[in-house]
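Subject: The structure for you to look through

Dear colleague,

Here is the structure I promised to hand over to you. Please open it beside this message, so that you can follow each part on the screen as you read.

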Amino acid sequence: MSVDNLKGALPEYAKDVKLNLGSLVTTSSLGEQQLWGTLLACAAATRSQRVIAEIAAEAADVLSAEAFRAAKGAAAIMAMNNVYYRSMHLIGDETYATMPAKLRMTIIGNPGVDKVDFELWSLAVSAIGGCGRCLESHEQVLRQAGMPREQIQEAIRIAAVVNAVAAVLESEAALAAV
């Protein structure tokens with residue numbers, strides 16, 4: 001199981017997605033833990049069983065057990081936070097922004113890996129989740145920690161490509177079942 005398997009499964013019409021996936025993995029400016037944690041967190045965010053299995057198998061060879069758990073934790077906490085904070089924003093009443101969320105989020109304070117890596121993974125998952133408030137918040141923390149915009153953009157590209165891979169493969173699976 002691997003990224004190569006995902007690339008091989010993509011149909012001809014998704015050639016751009018295939019090439020982008022290959023290029024992200026081979027030319028990344030992110031550190032290995034940042035790259036594979038981002039890939040794993042984004043795979044989990046897509047909810048695609050195949051994408052999760054393929055990326056997780058390869059990520060397990062690269063990430064420590066703590067980093068593997070933290071990447072899954074970023075996907076889990078952002079699945080909750082992206083819905084909550086996006087909804088509070090979309091309601092349009094700023095009073096909600098002053099109200100306590102009353103949601104446990106302890107993993108953000110103690111993720112078990114470098115906080116910058118966890119923030120990067122949370123940002124990428126938030127791109128898939130479509131939460132502008134979460135994107136702004138995580139981008140600010142990353143910039144304050146000195147991460148260059150190019151690496152932040154790269155994490156968002158990873159999110160976009162992994163999401164596209166999942167969309168294509170899930171669509172093809174559904175069409176094959178018809």
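Below is what was found in it, beginning with how some of the helices pack and ending with a few single residues.

Please keep in mind throughout that this is a predicted model.

Helix packing

A good place to begin is helix H3, which covers residues 32-46, together with helix H9, which covers residues 149-176; their axes come within 9 Å of each other and cross at roughly 40°. An angle under 35 degrees would count as roughly parallel and one of 65 to 115 degrees as roughly perpendicular, so H3 is described as oblique to H9. The crossing of this pair is right-handed. On the H3 side the contact is made by Leu-35, Thr-38, Leu-39, Cys-42, Ala-43 and Thr-46, and on the H9 side by Ala-155, Ile-158, Ala-159, Val-162, Asn-163 and Ala-166. When these residues are sorted by class, nine are nonpolar, three are polar and none is charged.

Helix H3 also packs with helix H4, and here the axes are 9 Å apart while the angle is about 160°. Because an angle over 145 degrees counts as roughly antiparallel, H3 is roughly antiparallel to H4. This crossing is left-handed. From H3, the residues Glu-32, Trp-36, Leu-39, Leu-40, Ala-43, Ala-44 and Thr-46 take part, and they meet Val-51, Ile-52, Ile-55, Ala-56, Glu-58, Ala-59 and Val-62 of H4. By class, this contact holds 11 nonpolar residues, one polar residue and two charged residues.

Two residues of H4

Val-62 belongs to helix H4, which spans residues 49-62. With a relative accessible area of 30%, Val-62 is partly exposed, since that class lies between the limits of 20% and 50%. Leaving aside residues up to four places away in sequence, Val-62 touches Glu-32 and Trp-36. You can also find the C-alpha atom of Val-62 at 9.8 Å from that of Leu-35, although the two residues are 27 apart along the chain.

Asp-61 is found in helix H4 as well, and with a relative accessible area of 70% Asp-61 is exposed. If you trace the chain from Asp-61 to Thr-95, you pass to a residue 34 places away in sequence, and the C-alpha atoms of the two are 46 Å apart in space.

Two loop residues with positive phi

Arg-47 sits in the loop between H3 and H4, and its phi is near 65°, which is a positive value in a residue other than glycine. Arg-47 is exposed, with a relative accessible area of 70%.

Lys-102 likewise has a positive phi without being glycine, with a value near 55°. The loop that holds Lys-102 runs between helix H5, residues 65-91, and helix H6, residues 106-109. At 77% relative accessibility, Lys-102 counts as exposed.

An annotated stretch

Finally, an unreviewed UniProt entry lists residues 97-175 under the name "domain: Carboxymuconolactone decarboxylase-like". In the model, the chain over residues 97-175 is 75% helix and 0% strand, and the C-alpha atoms at its two ends are 43 Å apart.

With best wishes

Note on methods. Residues numbered from 1 in each chain as written. Predicted model: local features only at pLDDT ≥ 70, side-chain atom pairs only at ≥ 80, totals over all residues. Heavy atoms only, no water. Axes fitted to C-alpha atoms, helices over the stretch in contact; angles between N-to-C directions. Helix = DSSP H or I, 4+ residues; strand = E, 2+ residues; numbered from the N terminus. Left-handed = near helix turned anticlockwise from the far one by under 90°. Contact = heavy atoms within 4.5 Å. Nonpolar A, V, L, I, M, F, W, Y, C, P; charged D, E, K, R; others polar. UniProt positions renumbered as here; feature names shortened; annotations may be inferred. Buried < 20%, exposed > 50% of the residue type's maximum accessible area, 1.4 Å probe, protein only.
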